[in-house]
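Work through the exercises below with the sequence and the 3D view side by side. Each task is followed by a solution in steps.

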Amino acid sequence: MKGTIMNRSKTAIFAFKGNPICFVHVLLNAIDLHEKKGEVKIILEGEATKLITELCKPGHPLHVLYAKAKRLDLIDAVCRACAMKMGALEAAEAEGFRIAADMAGHAAMAPYIEQGYEIITL
């Protein structure tokens with residue numbers, strides 16, 4: 001069937017890079033997978049956590065995509081340790097994101113694997 005993903009694929013995208021040019025692909029792919037009926041979750045790690053402080057601003061070039069991903073509830077978690085290090089924890093909390101710290105302060109991949117998600121790191 002065109003436009004859908006057979007067998008309801010499950011994908012967890014762990015975004016590490018803080019470069020907006022890289023992160024746009026995280027957003028585009030997550031939205032595309034969702035629209036094709038896949039189950040997708042974005043987990044912000046590393047330098048990617050600092051993007052929250054910029055992308056939440058309506059004037060940012062990626063704000064529309066970010067807002068769409070947020071509205072679709074595709075952003076599943078933000079790493080506590082990395083957000084603290086990048087100065088983005090307060091912004092992540094203000095945006096209402098789940099703060100993950102289940103692996104020595106970081107977001108663990110194991111729960112996603114246990115739930116049948118394919119892990120992609122970018």
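**Exercise 1: Asp73 and Ala104**

At 61% relative accessibility, Asp73 counts as exposed (buried means under 20% relative accessible area, exposed over 50%, partly exposed in between, with a 1.4 Å probe and protein chains only). The model is predicted: local features need pLDDT of at least 70, side-chain atom pairs count only at pLDDT 80 or more, and totals for chains, interfaces and linings use all residues. Residues are numbered from 1 along each chain as its sequence is written, and side-chain values use heavy atoms, with hydrogens and water left out.

Task: locate Asp73 and state its phi.

Solution.
- Step 1. Asp73 sits in the loop between H3 and S3. Helices (H or I, at least four residues) and strands (E, at least two) are DSSP runs, numbered from the N terminus.
- Step 2. Asp73 is not a glycine, yet its phi is positive, about 60 degrees.

Task: do the same for Ala104 and say whether it is buried or exposed.

Solution.
- Step 1. The loop between S4 and helix H6 (110–114) holds Ala104.
- Step 2. Its phi is positive at about 55 degrees, although Ala104 is not a glycine.
- Step 3. With a relative accessible area of 79%, Ala104 is exposed.

**Exercise 2: the sheet**

Task: give the strand order of the open sheet and name its edge strands.

Solution.
- Step 1. The open sheet has 5 strands in the order S4-S3-S2-S1-S5, with parallel pairing. Two strands pair if DSSP finds at least two bridges between them.
- Step 2. S4 and strand S5 (118–121) are the edge strands, since each pairs on one side only.
- Step 3. Strand S1 (residues 10–15) runs parallel to S5, and 4 bridges join them. Ala12 stands opposite Ile119 in S5.
- Step 4. H1 packs on the sheet and touches S1 and S2; contact means heavy atoms within 4.5 Å. The direction of H1 makes about 160 degrees with that of S2. Axes are lines fitted to C-alpha atoms, for helices over the stretch in contact, and angles run from 0 to 180 degrees between N-to-C directions.

Task: describe the surroundings of S3.

Solution.
- Step 1. Strand S3 (residues 75–79) is mostly covered, with 5 of its 5 residues buried.
- Step 2. Strand S2 (residues 39–44) pairs with S3 in the parallel sense over 3 bridges, and Ile75 in S3 is the bridge partner of Ile42.
- Step 3. S3 also pairs with strand S4 (residues 99–100), in the parallel sense over 2 bridges. Here Val78 has Ile99 in S4 as its bridge partner.

**Exercise 3: H1 against H3**

Task: at what angle do the axes of H1 and H3 cross, and which residues meet?

Solution.
- Step 1. Two packed helices are described by the angle between their axes and the distance between the axes.
- Step 2. The axes of helix H1 (residues 20–35) and helix H3 (residues 63–71) come within 10 Å and cross at roughly 40 degrees.
- Step 3. H1 and H3 are therefore oblique to each other (angles under 35 degrees count as roughly parallel, over 145 as roughly antiparallel, 65 to 115 as roughly perpendicular and the rest as oblique).
- Step 4. From H1, Val24, Leu27, Leu28, Ile31 and Glu35 meet Leu65, Tyr66, Lys68 and Ala69 of H3.
- Step 5. By class, this contact of H1 with H3 has 7 nonpolar, no polar and 2 charged residues. Ala, Val, Leu, Ile, Met, Phe, Trp, Tyr, Cys and Pro count as nonpolar, Asp, Glu, Lys and Arg as charged, and the others, Gly among them, as polar.

**Exercise 4: Ala69, Lys70 and Thr49**

Task: is Ala69 buried or exposed, and what does it touch?

Solution.
- Step 1. Ala69 belongs to helix H3 and, at 0% relative accessibility, counts as buried.
- Step 2. Leaving aside neighbours within four places in sequence, Ala69 is in contact with Leu27, Ile31, Leu74 and Ile75.
- Step 3. The C-alpha atoms of Ala69 and His34 are 35 residues apart along the chain and separated by 9.5 Å.

Task: which residues does Lys70 touch?

Solution.
- Step 1. Lys70 is in helix H3 and is partly exposed, with a relative accessible area of 31%.
- Step 2. Not counting residues up to four places away in sequence, Lys70 touches Ile75, Glu95 and Phe97.

Task: where does Thr49 lie, and how far is it from Ala83 in space?

Solution.
- Step 1. Thr49 lies in the loop between S2 and helix H2 (52–55) and is buried, with a relative accessible area of 0%.
- Step 2. Thr49 and Ala83 are 34 residues apart in sequence and 5.3 Å apart in space, C-alpha to C-alpha.
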